[in-house]
Amino acid sequence: MKHGIHFFHRSVLPTAIQDFTAVIKEDPSNAQARLYRGRAYAKQQQYRNAIQDLAAAVHLDPSCWLAFYYRGCILRQIDPKRAVQDFSVSVLINDTQENFCSFLHRGIVYSEQCQWSLAICDFESVLALDRSVIFAYLNIGLILLLHLDQCYEAIRQFTNAIEIDPLNVRAYVCRAQAYHKIHNLPNAVKDINRAIHLYPNKSQLCMLRGQYLMELKKDELASLCIHQLAEMDEESFMSQPVQQALIQSFCQNHHKAIECLREAAATQPEPLMFVILGKIQMKAKKTKDAVRSFKKAMKLLMTSAKILPNTFETAEMYYLTGLCYMEQKSLLRACDAFSMAIRLHSSYPDAFYQRGLCRMQLRQATCIRDFNRTLALCPSHFQAYMSRAAYYGSKGRYSKAILNCNEAIKILPSSARAYFYRGTLKYQNKTFKAAIEDLSKTIDLNKTCILAYYNRAVCYHQIKDFKKALKDYGILLLLELSKEIAFKVLINCGLLYVELGDYANACEDFKEATLLSPYDSQIFQAIGICYHRLNEFEEAVRSFDQALKLDPVSVDAYVGRGNSYMENGHEAGCKQAQKDFLRAIHLNPKCIKARICLGYNFKALGKLQRAWSQFTVAICIDSKCHAAYDGRASVCLQMGETFAAFQDINAALKLTTTAPLLTNRGVISQLMGYLPCAMKDYQQAISVDPNYALAYFSAANIYFHNRQFSQAYCYYSKVLQLDPRNESAVMNRAITNALLNNIEEAKEDFEKAICLCPFSAAVYFNRANFYYGLKQYELAEKDISTALSIQPNDALMYKFRADIRGKLGFYKEAVEDYKQAISIQEQIDSM
């Protein structure tokens, strides 16, 4: 036995086996002889004999931990389950430092079986027994790095290995990769530099350093790494065209990479060489050349029966060919190539996905089947969920599209694209607040996402949050926008200001938009409307002129210009407006807006019958046009046809209930003497629109007429809150205050009325009357004289001044005023 052990330790294995065999013949129950002979057989790779001897050793001595250990080592590759059992029994018998290798090998088996937590436990057991086993640190670190995504803990393990052996290259490389994964590129470069210092001729290390330097945007240093690689003799680097081409391609030197591979393929035409060449040609955007390379690779793979092997590699060639056809917009050929890839390899998710994209672009409903198949094969395929969302979105099935975006976000929670698309889908689904949340998340992830700001502004506009909408539009105008988006932003901004009633700012935005699109008649028309609302009628006319130069048949532009001419208030403007309204009707005889405007034009010119006809035609065209009924009612009222006016205004109110229509009916009822009915309409108008000043004014007049001065005062005050420049309300409130004996307030109101309307004889006449009641005859005489200077042919005012002058003792002047009053009255009576 001693003789055999001596030769075993000196690796003279045949002699050792003979000796152990002799011992076993003499003593078949000698477990030690079986153990050593089994180990000798294993060293000679006679694994069957080795297992038999080790099994016998275990049978003869169940406490022989070495027999279990060595049998486990042999079974590790061929029967991992039994190997784990043997290692487990071995450590159960002996769990001391002497048997740490059993823990180590069992950890390796667990790693190969992807049982990461069990593997880590075994490697930690090794370290508990012997802290100097670097292999255990490295394995724990690699499992944490590659499989459990615990990069920081992995770095700690690699650092422990380096502390034990500062010259261990593998530990530096692993730690560099861990630093790279957490984007700590400077430390990654430091570790690779240390590894290169220890092994300066390893091309793989130089390649890694080049990659990290490129990611750090240190292009010059990365280029230097490429030159170092080119000069290396290690493994005849220059004779490895594939590796050299890949490096050149990585550095965007596609032309050099292609030349290198073409030369290599000419001397060594292998399928893999052509596939790599095709991939690099794809990167270089030379898709036609890439297709030729893939076809050459297929030709080399084809058997004598001209049949391609059903392998993933062959399927990939068709898949890449399909990508090239897609780049060339040859969708049908691309679809065929992806179908061929699927036929060769039925579980190819990317091929299904790309075929689905082709079919979607070809508007084929079968694309959804391909996306579904992609997700069945690869449930974490982000792009498939996004494309399926796009398909459902294009079909108007927004809820289903949103569900697919939800799944995509679960896969990539930091995808700005997924949040953006979900936000746009929610906008289409009219859930604006939810859309704003997603678009805000998009902006958090990508601060310069122009479309996210634009769509969020549109959503804010929809929910009437104008301040935030304007803020987003303002941010957009500070960014570098395409001409198209800048134009849309300015238009939307202008429309928002119009909605806010801020026509000055709206006008400025529309003007800015004309610089980007100077031939768009609609913008000039919008500018004209803004100027019209700002009471700048000449500017409005000029803008409508420009709109009509660009579009001579624009009905709306003619109507807009006509309305601007009308607002000038003189007869020439009214006639010019009439021409524009007639042109609009000539272009579109059914344009109700033009006919209504023409009706009001005729009314302003005193042509009441023609005005009535236009409103009647408008009603014939559209019997539900309340504006036409309202217009005809106003004409009937002016013609003295009060009942007809009442019927028309009732017809309008049957179609819609608005404060202006109710107020107009109240006015008609008031003229007919039905004051309670009028008051009822005014009160209803106020309930429909609490900010409609004319309803308050009309109701105040009825209260005044009924001598309900307190109520009249309150309503006139409400009118002035809503319309501070309403001179009639100011004057009527002044009279009301006078009647209520609110002297100081009456004085203030008369002063305001004069400021608002300094050339109104009625204001001065009423204030004169007020002063006369206060017996302030001098002030009364001054005001009535001012009134007469403005309106000199008024008999009543001369008579009133005569009364005042009589009170002042100016009898001669009073007599003259009485004579003048009689003269004017006689002239009026004789007419």
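**Figure 1. Surroundings of R422 in the predicted model.** R422 touches I402, C405, N406, I409 and D438, leaving out residues up to four places away in sequence. With one of these residues, D438, the R422 side chain forms a side-chain to side-chain polar contact of 2.7 Å. R422 itself belongs to helix α25, which covers residues 416-428. The relative accessible area of R422 is 13%, so the residue counts as buried, the limit being under 20%.

**Figure 2. Surroundings of D122 in helix α8.** Helix α8 spans residues 116-129 and includes D122. At a relative accessible area of 3%, D122 is buried. Apart from neighbours within four places in sequence, the residues in contact with D122 are F103, R106, G107 and Y110. The side chains of D122 and R106 are joined by a polar contact of 2.7 Å.

**Figure 3. Backbone at C114, in the loop between α7 and α8.** The loop that holds C114 follows α7 (100-112) and leads to α8. C114 is not a glycine, yet its phi is positive, at about 65°. Most residues other than glycine have a negative phi. The relative accessible area of C114 is 48%, which means that the residue is partly exposed.

**Figure 4. Backbone at H183, in the loop between α11 and α12.** Helix α11 (169-181) lies on one side of this loop in sequence and helix α12 (185-198) on the other. H183 is a residue other than glycine with a positive phi, near 65°. Because its relative accessible area is 69%, H183 is classed as exposed; the cut-off for that class is over 50%.

**Figure 5. Packing of helix α20 against helix α21.** The two helices comprise residues 331-344 (α20) and residues 349-361 (α21). Their axes are 9 Å apart and form an angle of about 155°. This angle makes α20 roughly antiparallel to α21, since angles over 145 degrees fall in that class. The crossing of α20 and α21 is left-handed. On the α20 side, the residues that meet α21 are L331, A334, C335, F338, S339, A341 and I342. On the α21 side, A351, F352, Q354, R355, C358, R359 and Q361 take part. By type, the residues of this contact between α20 and α21 comprise nine nonpolar, three polar and two charged.

Notes
Residues numbered from 1 in each chain as written. Predicted model: local features only at pLDDT ≥ 70, side-chain atom pairs only at ≥ 80, totals over all residues. Heavy atoms only, no water. Helix = DSSP H or I, 4+ residues; strand = E, 2+ residues; numbered from the N terminus. Buried < 20%, exposed > 50% of the residue type's maximum accessible area, 1.4 Å probe, protein only. Polar contact = N/O pair within 3.5 Å; in protein donor to acceptor, adjacent residues only side chain to side chain. Contact = heavy atoms within 4.5 Å. Axes fitted to C-alpha atoms, helices over the stretch in contact; angles between N-to-C directions. Parallel < 35°, antiparallel > 145°, perpendicular 65-115°, else oblique. Left-handed = near helix turned anticlockwise from the far one by under 90°. Nonpolar A, V, L, I, M, F, W, Y, C, P; charged D, E, K, R; others polar.
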